[in-house]
Amino acid sequence: MIVLRPRRLRRNQVMRELVAEHRVGVEHLVQPLFVVERDEDAGPIESMPGISRYSLSAAVNEARELFALGIKSVLLFGIPASKDAVASSSYDKNGIVQRTIAAIKSALPEMLVMADLCACEYTDHGHCGLLDSEGEVDNDATLELLCRIALTYADAGADVIAPSDMMDGRVKAIRCALDAHGSTSVAIMAYSAKYASAFYGPFRDAAGSAPQQGDRRGYQMDAPNAREALREIALDIAEGADIVMVKPGLPYLDIVRAARDRFDVPIAVYNVSGEYAMLQAAISNGWLDGDRAIDETLTSFVRAGADIVITYFAKTYAQRHG
Ligand code: PBG
């Protein structure tokens with residue numbers, strides 16, 4: 001009788017690499033970048049050790065470093081100098097994100113520039129859209145705002161527009177607006193299954209985008225729901241999304257897997273700020289081996305079926321593996 005010994009394939013590094021089923025390639029990683037309009041808002045983010053808010057010129061330098069390391073995609077978030085109820089600074093063609101897109105594309109034409117599209121960093125109330133007279137986020141009025149912002153991002157040279165607001169019908173509205181504008185080659189990466197999550201806490205500190213009243217549960221998804229995520233993804237694909245996203249990552253790996261099994265478009269996962277903060281906190285206390293914990297975390301996304309991993313660890317990963 002033969003004895004089956006799976007351990008034979010684990011005996012040494014070369015053997016393990018030979019039989020490895022998944023690999024995290026730097027070409028699949030996206031580094032988020034926070035860019036500030038006012039230089040005095042630049043600097044380290046307390047709850048995200050190792051991550052900073054950059055001035056425009058520092059963001060371009062950072063993009064250069066990333067590109068040299070093999071991280072050739074960035075996802076931009078803007079921190080404007082002024083906010084108001086209707087997010088006026090979001091669609092200013094000289095706004096911070098618009099200027100950063102143009103500056104990165106001119107310095108590094110091959111860098112893939114993705115722009116997060118949402119109102120929450122630009123509204124004084126901190127919600128992801130326009131409020132109606134009852135203080136509710138007005139879905140259809142917000143669609144017009146999103147399209148208006150999207151066209152300015154396209155004009156600035158964005159390769160990918162990533163709506164993260166969770167309004168119904170926004171992918172179709174943005175696709176139609178882009179096409180009518182002649183921006184047919186700008187891709188849409190939709191935050192399709194975006195959950196109302198505690199894990200965005202550090203991001204909201206970084207971007208100053210926490211809602212002043214209420215929360216986002218009226219438009220972002222509810223944690224217990226998995227089938228609904230697949231419905232959201234199916235709708236976004238039908239509306240013309242080129243890439244769909246699941247967010248956050250670690251607590252929603254089942255959704256990534258289910259989406260991978262069901263759909264044939266590229267799937268992105270967002271390893272969000274709270275997941276980053278949680279690991280960095282344990283690493284800085286010496287409670288986890290950082291390199292191994294980061295590699296294992298990024299591997300989990302790829303194993304779950306993600307093609308694209310948006311992560312604040314992209315740069316450190318590339319420094320070790322690029
Ligand atoms: C904007 C947006 C958020 C994130 C990405 N785009 C914040 C939110 O929805 O509150 C979170 C990213 C992160 O936590 O790293 N709507």
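**Group meeting: the cavity, the ligand and two pockets**

Good morning, everyone. Let me begin with the lining of the largest cavity, where nine residues are nonpolar, three are polar and six are charged. By class, Ala, Val, Leu, Ile, Met, Phe, Trp, Tyr, Cys and Pro count as nonpolar, Asp, Glu, Lys and Arg as charged, and the others, Gly among them, as polar.

What you see is a predicted model, with local features needing pLDDT of at least 70 and side-chain atom pairs pLDDT 80 or more, while totals for chains, interfaces and linings use all residues. Residues are numbered from 1 along each chain as its sequence is written, and side-chain values use heavy atoms, leaving out hydrogens and water.

How many cavities of 30 Å³ or more does the structure hold? There is one, and the volume of the largest cavity is about 150 Å³. Of its 18 lining residues, Phe77, Lys194, Tyr200, Phe203 and Lys247 are the closest to the centre. On a 1 Å grid over the protein atoms alone, a cavity is a set of points where a 1.4 Å probe fits but cannot get out, a pocket is an open set with protein on both sides within 12 Å along at least five of seven lines, and lining residues have an atom within 4 Å of a point. Points join across faces, edges and corners, and volume is the space filled by probe spheres set on them.

And what takes up that space? The ligand occupies the largest cavity (more than half of its atoms lie within 2 Å of the grid points). Eighteen would be the right count for its surroundings too: of the 18 residues around the ligand, Lys194, Arg204, Lys247, Ser273 and Tyr312 come nearest (a heavy atom within 4 Å makes a residue near). This shell has ten nonpolar, three polar and five charged residues. Strand S7 (187-194) and helix H6 (201-207) each give at least two residues to the shell, and S7 and H6 each do so for the cavity lining as well. Helices (H or I, at least four residues) and strands (E, at least two) are DSSP runs, numbered from the N terminus.

Now some polar contacts (N or O pairs within 3.5 Å). Ligand oxygen atoms lie 2.6 Å from a side-chain N or O atom of arginine 204, 2.7 Å from one of serine 273 and 3.1 Å from one of glutamine 220. The protein covers 100% of the 400 Å² of accessible area that the ligand has on its own (Shrake-Rupley, 1.4 Å probe).

On to the pockets. The largest pocket holds about 690 Å³ of space. Among its 15 lining residues, Glu17, Ala20, His22, Arg23 and Thr299 are closest to its centre. Helix H1 (13-18), helix H10 (290-304) and helix H11 (314-321) each supply at least two lining residues, and the lining has four nonpolar, five polar and six charged residues.

The second largest pocket has a volume of about 210 Å³. Gln31, Gly50, Ile51, Tyr312 and Lys315 are the closest to its centre, of 15 lining residues. Strand S1 (29-36), strand S3 (52-54), helix H9 (273-284) and H11 give two or more each, with S1 providing the largest share, four residues.

Two backbone details to finish. Lysine 247 and proline 248 are joined by a cis peptide bond, with omega about -10°, and proline 248 is in the loop between strand S8 (243-247) and helix H8 (253-262). Alanine 87 has a positive phi, near 55°, and is found in the loop between strand S4 (73-79) and helix H3 (96-107). Thanks for listening!

Terms used:
Polar contact = N/O pair within 3.5 Å; in protein donor to acceptor, adjacent residues only side chain to side chain.
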